[in-house]
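The following questions and answers go through a few local features, taking each residue or strand in its own setting.

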Amino acid sequence: MLRSSQPLTGPNRKRCREDEMLLGTVLDEGERGFIIDTRSAQAAKQARMTGGGTEPKSAYPQWRRLHRPLERGRPLQESFIKLVEACNDPSMNMDRWLSRLESCRWLSHVKAALSTACLAAQCLDREEASVLVHGAEGTDTTLLVTALAQVILDPSCRTLAGFQGLLEREWIEAGHPFHLRCARSAYSHARLKQEAPLFLLFLDCVWQLSRQFPFSLEFGERLLLTLFDNTYASAYGTFLCNNEKERRVGRAGGTALCLCKVKESTHSLWAWLNQPGEKKKYLNPLYSHNALVIWPSVEPQSIQLWQGLFFRWIRSSQYLDEAWAEIQRVVE
């Protein structure tokens, strides 16, 4: 599986021989590959006017392009805001609540993300084909799909250490702009143009996997909640800045001023989580190694609202916490 940003073909449909050669070397003679574009065909076509575009079929004859549009900007942020507002409105009856839940479309985004990740996983596992995933810049929905596909396919990514490595590789080092996407919370009145809860959507999808396969993930919901908290407000430097370059170079007014030295000046969230006393809190006591691929259901009745996150400040988790602690005690 590969990931990239969109090809810069532009309105003149320029070709890049190096890209063609690179993708050509991935496939042997007679093999085929799939390009999963996380934009709609119309959006990809419109991107040509600003220098972007798609891979022309004539230049990539062994690759088949599939469009699976995923929201990544303002629509996703507005969906998140509407969901939080609905969850915090105590005046609604059940019919009104279900109507608002449907209209915010958050669960539709969860379903679309899981469906696209399953498509990528199926191309790899069942078709035994290579897969290239890209969207626009390749730092948002692209990472969402490739990371989820690996959790579905690879049992090592479902361990605590493997999941941390996945986040480091597919989100942090790959350049997901955490500072821009998570600058405000859904409670803020500000509507920043580049705000979007892509990483939260990923965590929600992983929670759906953990709910459908309660024995297959070594970590529990508490880890996912901790990761969510630390992307928006953290005492650690793991999710600071927008990319690896910014973690080394500080900027003001577009001018490089000094080295940020994030790794030297801050503590790592992973180092804290992996302390023996802390690590125990995040482990799933029901975990049993599962070497098989886990194929989630994306039927409407299978996708549920993540109550542990969206209701966490209005509904006590005391009884669930006590039940979880008892399970841990019995297993030990």
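Q: Is Ile314 buried, partly exposed or exposed?
A: In this predicted model, Ile314 lies in the loop between helix H14 (307-310) and helix H15 (318-331), and together with Tyr187 and Trp313 it makes a nonpolar surface patch of about 380 Å². Its relative accessible area is 48%, and the class in between runs from the buried limit of under 20% to the exposed limit of over 50%. Ile314 is therefore partly exposed.

Q: Where is Glu128 found, and what is its relative accessible area?
A: Most residues other than glycine have a negative phi. Glu128 has a positive phi of about 55° although it is not a glycine, and it is found in the loop between helix H5 (106-125) and strand S4 (130-134). Glu128 counts as exposed because its relative accessible area is 71%.

Q: Is Cys241, another residue with a positive phi, buried or exposed?
A: Cys241 has a phi of about 70° although it is not a glycine, and its place is in the loop between helix H10 (221-232) and strand S5 (249-252). The limit for a buried residue is a relative accessible area under 20%. Cys241 has a relative accessibility of 17%, so it counts as buried.

Q: How many of the residues of S4 are buried?
A: On one side of S4, Ser130, Leu132 and His134 are buried, and on the other side Val131 and Val133 are buried too, so that both faces are covered. In a regular strand the side chains alternate between the two faces of the sheet. The strand is mostly covered, and the number of its buried residues is five of five.

Q: Which residue of S4 does Asp37 stand opposite?
A: Strand S2 (residues 33-37) pairs with S4 in the parallel sense over five bridges, and S1 also pairs with S4 in the parallel sense, over three bridges. On the S1 side, Ser4 stands opposite His134. Asp37 likewise stands opposite a residue of S4, and that residue is His134.

Q: How far apart in space are Arg13 and Thr54, C-alpha to C-alpha?
A: Arg13 is found in the loop between strand S1 (2-4) and helix H1 (17-26), where it counts as exposed because its relative accessibility is 57%. In sequence, Arg13 and Thr54 are 41 residues apart. In space, their C-alpha to C-alpha distance is 8.9 Å.

Terms used: Residues are numbered from 1 along each chain as its sequence is written. This is a predicted model: local features need pLDDT of at least 70, side-chain atom pairs count only at pLDDT 80 or more; totals for chains, interfaces and linings use all residues. Side-chain values use heavy atoms; hydrogens and water are left out. Helices (H or I, at least four residues) and strands (E, at least two) are DSSP runs, numbered from the N terminus. Buried means under 20% relative accessible area, exposed over 50%, partly exposed in between (1.4 Å probe, protein chains only). Patches are made of residues with over 30% relative accessible area and no salt bridge: like charges are joined within 9 Å, nonpolar side chains (Val, Leu, Ile, Met, Phe, Trp, Tyr) within 5 Å. Accessible areas come from the Shrake-Rupley method with a 1.4 Å probe; for residues, only the protein chains shown count as cover. A salt bridge is a side-chain nitrogen of Lys or Arg within 4 Å of a carboxyl oxygen of Asp or Glu. Two strands pair if DSSP finds at least two bridges between them.
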